[in-house]
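Let's take a walk through this fold, starting with one residue and working outwards. Have the viewer open as you read.

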Amino acid sequence: MAGGESQNPVSLSERELQIIDLVAAGLTNQEIAEKLEISKRTVDNHISNILTKTATDNRVSLVRWALQWGKVCLDNVNCCSLPINPIKSDNLIS
């Protein structure tokens, strides 16, 4: 698959899904940190972990991956329903 995008669903935490949504909305790491009231370094670490888990190389390929797997909705395109309370014992999001 082009762009180093993962072909398999991966396990992402609720916080990681929040961060992907904010990346897709165009926020910088600093803006994400402010919005979530966490440090920028924590956001940097989350993004690094997300890129590793999704086998993506950068923010653009991450957003492409998220669109492909229905993790984000952008301007009513590719709208999806994310679980409100994912089961903690099986946090696999497909």
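First, a cut-off we'll need: a residue is called buried when its relative accessible area is under 20%, exposed when that is over 50%, and partly exposed in between. Now take N29. N29 comes out at 15% relative accessibility, so by that cut-off N29 is buried. Bear in mind throughout that this is a predicted model.

Where does N29 sit? N29 is part of helix α2, which runs over residues 29-36. Setting aside residues up to four places away in sequence, N29 touches K40, V43, D44, I47 and R59. It helps to know that α3 covers 40-54 and α4 covers 59-68 when you look for those partners on screen.

Before going further into α2, let's step back to the overall layout. The protein has four helices and zero strands, and along the sequence it reads α-α-α-α. Of its 94 residues, 36% are buried. Among contacts with a separation of 6 or more, 59% are between residues 24 or more positions apart.

Back to α2. Alongside N29, the buried residues of this helix are I32, A33 and L36. Look down the axis of α2 and these buried residues fall within an arc of 100 degrees, so they line one face of the helix. E34 and K35 are on the other side of α2, and they are exposed. What do the buried residues of α2 pack against? They pack against α1, α3 and α4.

That brings us to α1, which spans residues 14-24. Its buried residues are E16, L17, I19, I20, L22, V23 and A24, and they pack against α2, α3 and α4. A good one to zoom in on is I19, which belongs to α1. I19 has a relative accessible area of 0%, so I19 is buried. Leaving out neighbours within four places in sequence, I19 is in contact with I32, L36, H46, I47 and I50. So how far is I19 from N29, where we started? The two are 10 residues apart in sequence, and their C-alpha atoms are 9.1 Å apart in space. I47 turns up on both contact lists: N29 touches I47, and I19 is in contact with I47 too.

I19 also features in the largest nonpolar core, which has 22 residues. The residues with the most contacts inside this core are I19, I20, V23, I32, L62 and W65. Each of α1, α2, α3 and α4 supplies at least two residues of the core, and α1 gives the most, with six residues.

Next, the packing of α1 on α3. Two packed helices are described by the angle between their axes and the distance between the axes. The axes of α1 and α3 come within 10 Å and cross at roughly 95 degrees. α1 and α3 are therefore roughly perpendicular to each other. On the α1 side of this contact you'll find R15, E16, I19, I20 and V23, and these meet H46, I47, N49, I50 and K53 in α3. Sorted by class, the contact has five nonpolar, two polar and three charged residues.

Finally, let's look at the backbone where helices end. Just after α1, G26 takes a positive phi of about 95 degrees. Most residues other than glycine have a negative phi, which makes the next two worth a look. Just after α2 comes E37, with a positive phi of about 55 degrees, although E37 is not a glycine. E37 is found in the loop between α2 and α3. Is E37 buried or exposed? E37 has 73% relative accessibility, so E37 counts as exposed.

The other one is A55, in the loop between α3 and α4. A55 also has a positive phi of about 55 degrees without being a glycine. With 39% relative accessibility, A55 counts as partly exposed.

Note on methods: Residues are numbered from 1 along each chain as its sequence is written. This is a predicted model: local features need pLDDT of at least 70, side-chain atom pairs count only at pLDDT 80 or more; totals for chains, interfaces and linings use all residues. Side-chain values use heavy atoms; hydrogens and water are left out. Buried means under 20% relative accessible area, exposed over 50%, partly exposed in between (1.4 Å probe, protein chains only). Contact means heavy atoms within 4.5 Å. A nonpolar core is a set of buried Ala, Val, Leu, Ile, Met, Phe, Trp, Tyr and Cys residues joined through side-chain atoms within 4.5 Å. The arc is that of the directions from the helix axis to the C-beta atoms. Axes are lines fitted to C-alpha atoms, for helices over the stretch in contact, and angles run from 0 to 180 degrees between N-to-C directions. Angles under 35 degrees count as roughly parallel, over 145 as roughly antiparallel, 65 to 115 as roughly perpendicular and the rest as oblique. Ala, Val, Leu, Ile, Met, Phe, Trp, Tyr, Cys and Pro count as nonpolar, Asp, Glu, Lys and Arg as charged, and the others, Gly among them, as polar.
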